Amino acid sequence: MKNRLKVLRAERDWTQQTLADELGVSRQTINAIEKGKYDPALPTAFRLAQLFKCQIEDIFEFEAD
Amino acid sequence: MTLKTRKRRATLVFLGAILLYVASVFLAAWLQRAVFTAGAAHGLVAALPVIAVVVLVWATLRLFMAGDELERRAAGIAAVATLVLFSTITLCWGILEAMAGLPAINPLWWGATALATWSLIFSLVFRWRYQ
């Protein structure tokens, strides 16, 4: 799964820690999501969409294997 | 309560539970040797660490739940890997102990090694797989 999390975060000038605190996850989790090494659970994806005021599809892009 | 505070508290409770378990094992061994040397009380005292095990299981679950989703996933992977590794090793060791005369190993040593192995696998999974 590809995502635009790093771009969206940079647009708002937020650090990984700021975003992690907002979501209630660790900074390492944000880092793993940004690097595409971890796909977040659905509730976290929805919280991200709420936080960035967009749709989940605007953040995550599904890539078929 | 923030994630960090929740994790710090759960870790302290977990470490306390480990200390309680180790203390209960030594206490039970001492009571059996020095106070209740025979009879039903001798057997009952041996079950003393079971109470500490219950506390330890509760503290472990609390520590697991205190993490976020990625930490829980890494902890789960590490737990499964440790379980598979240790079931295989202890099974093989048990067979060789009975059939080839390998020395019996203190359960405390197995427990401590399993915990250290879990910690190591958790770090490897968390840092190398997900960072």
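**Entry 1: domains of chain B**

Domain bounds here come from an automatic or database domain assignment. I am working with a predicted model. For chain B, the assignment gives me domain 1 (1-67) and domain 2 (68-131). I looked up how the two meet and found that 11 residues of domain 1 of chain B and eight residues of domain 2 of chain B take part in the contact. Their C-alpha centres are 19 Å apart.

Next I asked for the area buried between domain 1 and domain 2 of chain B, which comes to about 720 Å². Carbon and sulfur atoms give 72% of that area.

**Entry 2: what joins the domains**

How many salt bridges does the rule find across the interface of domain 1 of chain B and domain 2 of chain B? I noted one. B:K7 and B:E71 form a salt bridge, with 2.5 Å between the closest N and O atoms. I also counted two residue pairs in polar contact between domain 1 and domain 2 of chain B, both residues at pLDDT 80 or more.

Then I checked which elements build the side of domain 1 of chain B that touches domain 2 of chain B. Helix 1 (3-35) and helix 3 (48-66) of chain B each supply at least two residues to it. Helix 1 of chain B gives the most, with seven residues. By residue class, I wrote down nine nonpolar, one polar and one charged for this side of domain 1.

**Entry 3: a closer look at B:E71**

I stayed with B:E71, which I found in helix 4 of chain B. Is B:E71 buried or exposed? Its relative accessibility is 11%, and the cut-off for buried is under 20%, so B:E71 counts as buried.

I then listed the partners of B:E71, leaving out residues up to four places away in sequence: A:S26, B:K7, B:F122 and B:F126. The side chains of B:E71 and B:K7 are joined by a polar contact of 2.5 Å. I also saw the side chain of B:E71 reach the backbone nitrogen of B:D68 at 2.8 Å. With A:S26 on the list, B:E71 touches a residue of chain A, and that sent me to the chain interface.

**Entry 4: chain B against chain A**

I looked up the contact between the chains, and it takes 13 residues from chain B and 14 residues from chain A. The buried area between chain B and chain A is about 1,100 Å², with 47% from carbon and sulfur atoms. For salt bridges between chain B and chain A, I got zero. For polar contacts between chain B and chain A, I got nine residue pairs, both residues at pLDDT 80 or more.

Which elements give two or more residues to the side of chain B that touches chain A? My answer was helix 1, helix 4 (69-100) and helix 5 (107-129) of chain B. Helix 4 of chain B has the largest share, four residues. I sorted the residues of this side of chain B into five nonpolar, one polar and seven charged.

**Entry 5: two exposed residues**

Last, I picked out B:F26 and B:I51. B:F26 sits in helix 1 of chain B, and B:F26 is exposed because its relative accessible area is 53%, where exposed means over 50%. I read 9.0 Å between the C-alpha atoms of B:F26 and B:P49, which are 23 residues apart along the chain.

B:I51 is in helix 3 of chain B, and its relative accessibility of 58% makes B:I51 exposed too. B:I51 and B:Y21 are 30 residues apart along the chain, and I noted 8.4 Å between their C-alpha atoms.

Notes. Residues are numbered from 1 along each chain as its sequence is written. Chains are lettered from A and ligands numbered from 1 in the order in which they are written. This is a predicted model: local features need pLDDT of at least 70, side-chain atom pairs count only at pLDDT 80 or more; totals for chains, interfaces and linings use all residues. Side-chain values use heavy atoms; hydrogens and water are left out. Contact means heavy atoms within 4.5 Å. Buried area is the accessible area (1.4 Å probe) that two parts lose on being put together, summed over both. A salt bridge is a side-chain nitrogen of Lys or Arg within 4 Å of a carboxyl oxygen of Asp or Glu. A polar contact is a pair of N or O atoms within 3.5 Å; within protein, one must be able to donate a hydrogen and the other to accept it, and residues adjacent in sequence count only if both atoms are side-chain atoms. Ala, Val, Leu, Ile, Met, Phe, Trp, Tyr, Cys and Pro count as nonpolar, Asp, Glu, Lys and Arg as charged, and the others, Gly among them, as polar. Buried means under 20% relative accessible area, exposed over 50%, partly exposed in between (1.4 Å probe, protein chains only).
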